[in-house]
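I open this notebook to record, entry by entry, what I looked up in the structure and what came back. I go from a single residue to contacts between side chains, and then to open space.

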Amino acid sequence: MTTTTDHRKLTQAELVAEATERFGADPIKWAFRCPSCGDIANGEDFREALAANPRKHRTGADVIASDVVGQECIGRTLGALAKGQGKYTGRGCDWVAYGLFGGPWTIALPDGRSMHAFPLAPAA
């Protein structure tokens, strides 16, 4: 069995195929497990969290669920980075796949670039 910290490299097409097999064809249902705290979140969780805690990109565009699911722990959206709150005790943590410690999964994109991602969660 793969743990949440096992490195894995796969193509974007392989990730999509595995996620579709596990969760169905609707990407909003695809769930990922944070390798740091173990929280499992899908696009619906992020959609709700972003509705309650909207964020903007540097460009000024709204952050949407598909921008962050699988790359950020939901705690970042729910307030884990809020200043002056003391120790964060909410859901998730502040971990990101693109941070100091990337991954643990690496996804090879069709254009030759790659990105880091959280592992898919087990099927429900």
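**Entry 1: a loop residue.** I began with R55, which I find in the loop between α2 and α3, and I note at once that the model I am reading is a predicted one. R55 counts as partly exposed, because its relative accessibility is 25% and that class runs between the 20% limit for buried and the 50% limit for exposed. I then looked up its spacing to T77: the two residues are 22 apart in sequence, while their C-alpha atoms are 7.9 Å apart in space.

**Entry 2: salt bridges.** Side chains of opposite charge can pair when their charged atoms come close. How many salt bridges does a search of the whole structure find? The search returns eight, and I wrote down three of them in detail.

For the pair of E18 and R8, I read a salt bridge between the side chains with an N to O distance of 2.6 Å. This pair links distant parts of the chain, since E18 belongs to helix α1 (residues 12–23) and R8 to strand β1 (residues 8–11), with their positions ten residues apart in the numbering. Is E18 buried or exposed? E18 is buried, because its relative accessible area of 17% falls under the 20% limit. R8, by contrast, is partly exposed at 29%.

The second pair I noted is E44 with K29, whose closest N and O atoms are 2.8 Å apart in a salt bridge. Here too distant parts of the chain are linked: E44 lies in helix α2 (residues 43–52), K29 lies in the loop between α1 and β2 (31–33), and the two are 15 residues apart. Both partners count as partly exposed, E44 at 28% relative accessibility and K29 at 37%.

The third is R91 with D39, a salt bridge in which the closest N and O atoms are 2.9 Å apart. R91 sits in the loop between α4 (74–78) and β4 (105–108), D39 sits in the loop between β2 and β3 (40–42), and 52 residues separate them along the chain. R91 counts as partly exposed at 32% relative accessibility, whereas D39 is buried with a relative accessible area of 17%. I also record that salt bridges with shared partners join R8, E18 and R22 into one network.

**Entry 3: rings.** I returned to R8 and found that its charged end sits over the ring of W105, 4.7 Å from the ring centre. I then searched for aromatic pairs, of which the structure holds one. W95 and F101 form this pair, with 6.3 Å from centre to centre and 5° between the planes; the pair is stacked because that angle is under the 30 degrees required. W95 counts as partly exposed at 26% relative accessibility, while F101 counts as exposed at 55%.

**Entry 4: the largest pocket.** My last search was for open space, and the largest pocket it gave has a volume of about 440 Å³. Which residues lie nearest the centre of this pocket? They are P27, W30, F32, S66 and V69, out of a lining of 22 residues. At least two lining residues come from each of α1, α2, α3 (65–68) and β5 (114–117). Sorted by class, the lining holds 15 nonpolar residues, five polar and two charged.

Methods. Residues numbered from 1 in each chain as written. Predicted model: local features only at pLDDT ≥ 70, side-chain atom pairs only at ≥ 80, totals over all residues. Heavy atoms only, no water. Phe/Tyr/Trp six-rings, centres within 6.5 Å; stacked < 30°, edge-to-face > 60°. Buried < 20%, exposed > 50% of the residue type's maximum accessible area, 1.4 Å probe, protein only. Lys NZ or Arg CZ within 6 Å of the ring centre and 35° of its normal. Salt bridge = Lys/Arg side-chain N within 4 Å of Asp/Glu carboxyl O. Helix = DSSP H or I, 4+ residues; strand = E, 2+ residues; numbered from the N terminus. 1 Å grid on protein atoms, 1.4 Å probe; cavity = no way out; pocket = protein on both sides within 12 Å on 5 of 7 lines; lining within 4 Å. Points joined across faces, edges and corners; volume = space filled by probe spheres on them. Nonpolar A, V, L, I, M, F, W, Y, C, P; charged D, E, K, R; others polar.
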